[in-house]
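Dear colleague,

I am handing over the structure that follows, together with a summary of what was found in it. Please read the notes with the structure open beside them.

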Amino acid sequence: MARALENPDAIPAYLDFFGMKRPPFAKLSVPSQLFHSDQYSVLADHLASATEQSDFLLVLCGTEGSGKTTLLNRHILQLDEDVSYATFDESCADGTQFYCGLLRQLGFHDISGKLNELSNIAREFLIHRGMAGDPVLLVVDNAHLVCASVLEQLRSISETVANDRRVLSVVLAGNSDLLRIMRSPAMRKLNFQRHVEFNIRVYSEQETEDYVRHRLRLSGGADAAKIGHEAHPVIYRFTGGIPDLINRLLNAVLTEACSLQTRVVTGDLIRGVAEACEILPHVVPLQAMGRRKTDSSVSLVAPVQQTEERIIARDPPPGSAFGSAAQDSALADLDIKELLNQVSQLSGQLAVQTQKTETLSSTVLDDTAEINRLEGALTETRQALRQSATAADELTARADAEIEALELEKSALQASVESLTAELETANKQAARIDALEKSLKESEDKYDSLRTSVAETQKELRAAKRSKNAADKAETKTRTRVEKLEREKSALQVSVEGLTAELETANKQAARIDALEKSLKQSKDKYDSLRASVAETKKELRAAKRSKNAADKAKTKTRTRVEKLEREKLELQKQCDSLQERTEALQGLEEAVTKKDAYIAELEAELYTYVNAEKTSPPEPADESADLPSARSDPSIEPTIGDIAVIEVFRDGKIDQVMNLAEVPSRVMIGRGDDCELCLDSKFVSRHHALIFCTDGGVCIEDLNSFNGTIVNSRKVSRCDLRADDTVTIGDFQLRPRPAVKNDPV
């Protein structure tokens, strides 16, 4: 049974028994078969924005096994071939490997070199991409496990800017520790234009039930494997809504059901499998960052060998324009002096062109052709105003009609859903007729699922219609504002037209000069357009050269500053290392002394405990007579009540604080300062859920629940161990001493 947890992707032996076509709880290779959830739709929108836009940072957090890698692989498989992206995970060891992997996935072949050379090649490539308007997506899975050197290179390369925007869009995925890393002083410098933090929550109890039904339906065994209604809460209790734990637990449950030759999965069967596999129920729901420091770790199952899903790495695209080593070396060997010479030449050309432009501008401003341009602009404005008003009226009427139709469909679907809900409640009450109504219940569930899907689609259409209506309202408001503005411009233009009409009357008298002026004006306008285009191109080249120069100067200044800073840090670190070495040696001496003292104290406590018991049990008679009396432990007629330990005495400051009889408490005893603990120890040195004592057929065990101060058994810190009657358990400032109890013990 325990082997079923090791690799859920292996072909299980129960497929033929349940008549399934494929393993129900294995990893899905088709993205469309994934379980649909509202939060997955929102995440898909964020990933699409990060792919289509540059200067975007998406931090994706979630519990281990919540499906982060699966969702990222689903998005990567749907990307087009012309999208530039690269993927990494914790296997990337250092900055050199990071840049080699980045350039190789972006189209470079046989790339190698030092860290600075690879960094310069990557920056130049990203600048070219940014100037062309093509964003580059960088995805890092398990970012909380990536080494600091790789994160530093990621932060450095993400500062590459083109056209006043960062070229890279970065997606970081990890558990809750990733948020702590992102709030560190080094990673806080990642100031992207858009920064989104998305937390994947675990499934609720209803979503867990829907997820199990979905996976069984995909495998073709929804009818063969019958999971009762009382079993779904048990599944949620032992998995906490984590998809990976659901897959592993149900894979083991189906294996056990096959061995028992039963197709009915009950709550007792699930509890038995969980107990056999040592899966503990969730004490506190693992939702986002709501866990306490004393709660257990993320994984509830002992670590086993399994196939972990990895993020898909991109293969280098064939025939890339940057695929040769000669081009790589050319990008790395750019000469800054040549760029500076080009900048100076372009500056001189710009000065000459600027003088010519000023001369031509003064000539053009003296022309009188502005009257014809104003009349043409007024005519075009009137036509655009009429067209926009007509389009706005049509759009408003169409949106109102669609919204009314969708409201009617929504009310009808709500009525049908309510009727189906009533039918399902009636079916649940008639539990005695389940065997006869299984076929009809299946048909009702299928109809309900289809209707639920149609309701979801209708709601999406309704939201889209509402958004279109809001857009239409905004467009109508903008149109009205524009109409008012155009009316004001119309009044002003009418006044100007009246003045221009008077000027036209004067201009008509000078008809003989208009023909000559029009010819000269046309020639001047052609010359002005050509010169204006050449000036614009020259300005673009100058801006590009200035940006290159500024980037080179900034990089040079940063390098010098960083080298000086690193030298100073090196000296400080050397001093700190020396001082730390001295402190380490002193601490080692202190630890040895403390260890000896703890051992001595434990011996004294054991002797004191033995002496106190001897004083309590020995009658006030001479020593020679009491020596002949048999002890309770040596008398074979007196046997313990439960195993070797039945009573646990709690001491504080050398005095008995309380006594707990294991026969009167549950098999699992929670120890801590919380109100929900069976053994409550009121002390600030004890965690809310500090340790767990549970009784088995083999004896009594204690397990530490990742408490802050730890659990110490016989002066040794343990995570889990068996207890004996002569042990001393230290929890905070309390001492727990288990001892056997006999049948005639008054306790």
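**Strand β1 and its surroundings**

Leu 57 of β1 has His 195 as its bridge partner in β7. Please bear in mind that the model is a predicted one. The pairing between β1 and β7, which spans residues 194-200, is parallel and comprises 7 bridges. Strand β6, residues 168-174, is also joined to β1 in the parallel sense, through 6 bridges. Within that pairing, Leu 172 of β6 lies opposite Val 59.

Is β1 mostly covered or not? The strand covers residues 56-62, and 7 of its 7 residues are buried. Their side chains are divided between two directions: Phe 56, Leu 58, Leu 60 and Gly 62 point one way, while Leu 57, Val 59 and Cys 61 point the other way. Residues of both groups are buried.

**The sheet as a whole**

What is the order of the strands in the open sheet? The sheet has 5 strands, arranged as β2-β3-β6-β1-β7, and the pairing is parallel. Its edges are formed by β2, residues 84-88, and by β7, each of which pairs on one side only. On average, neighbouring strands of the sheet are turned by 10° against each other, with direction ignored. As a general point, the strands of a sheet pair through backbone hydrogen bonds, in either a parallel or an antiparallel manner.

Towards the β2 edge, β2 is paired with β3, residues 136-140, by 5 bridges in the parallel sense. Here Ala 86 stands opposite Leu 138 of β3.

**Helices against the sheet**

Helix α2, residues 38-52, packs on this sheet and touches β1, β3, β6 and β7. The direction of α2 makes about 150° with that of β7. Helix α4, residues 95-105, lies across β2 and β3 and runs at about 145° to β2.

**The protein overall**

How many helices and strands does the protein contain? Its secondary structure comes to 17 helices and 20 strands. The protein has 747 residues, of which 33% count as buried. Among contacts with a separation of 6 or more, 69% are between residues 24 or more positions apart. The exposed area of the protein is about 45,700 Å², and carbon and sulfur atoms supply 52% of that area.

To return to the starting point, β1 stands between β6 and β7 in the strand order, and 7 of its 7 residues are buried.

With kind regards

Note on methods: Residues numbered from 1 in each chain as written. Predicted model: local features only at pLDDT ≥ 70, side-chain atom pairs only at ≥ 80, totals over all residues. Heavy atoms only, no water. Buried < 20%, exposed > 50% of the residue type's maximum accessible area, 1.4 Å probe, protein only. Helix = DSSP H or I, 4+ residues; strand = E, 2+ residues; numbered from the N terminus. Pairing = 2+ DSSP bridges. Contact = heavy atoms within 4.5 Å. Areas by Shrake-Rupley, 256 points an atom, 1.4 Å probe, with all protein chains shown as cover. Axes fitted to C-alpha atoms, helices over the stretch in contact; angles between N-to-C directions.
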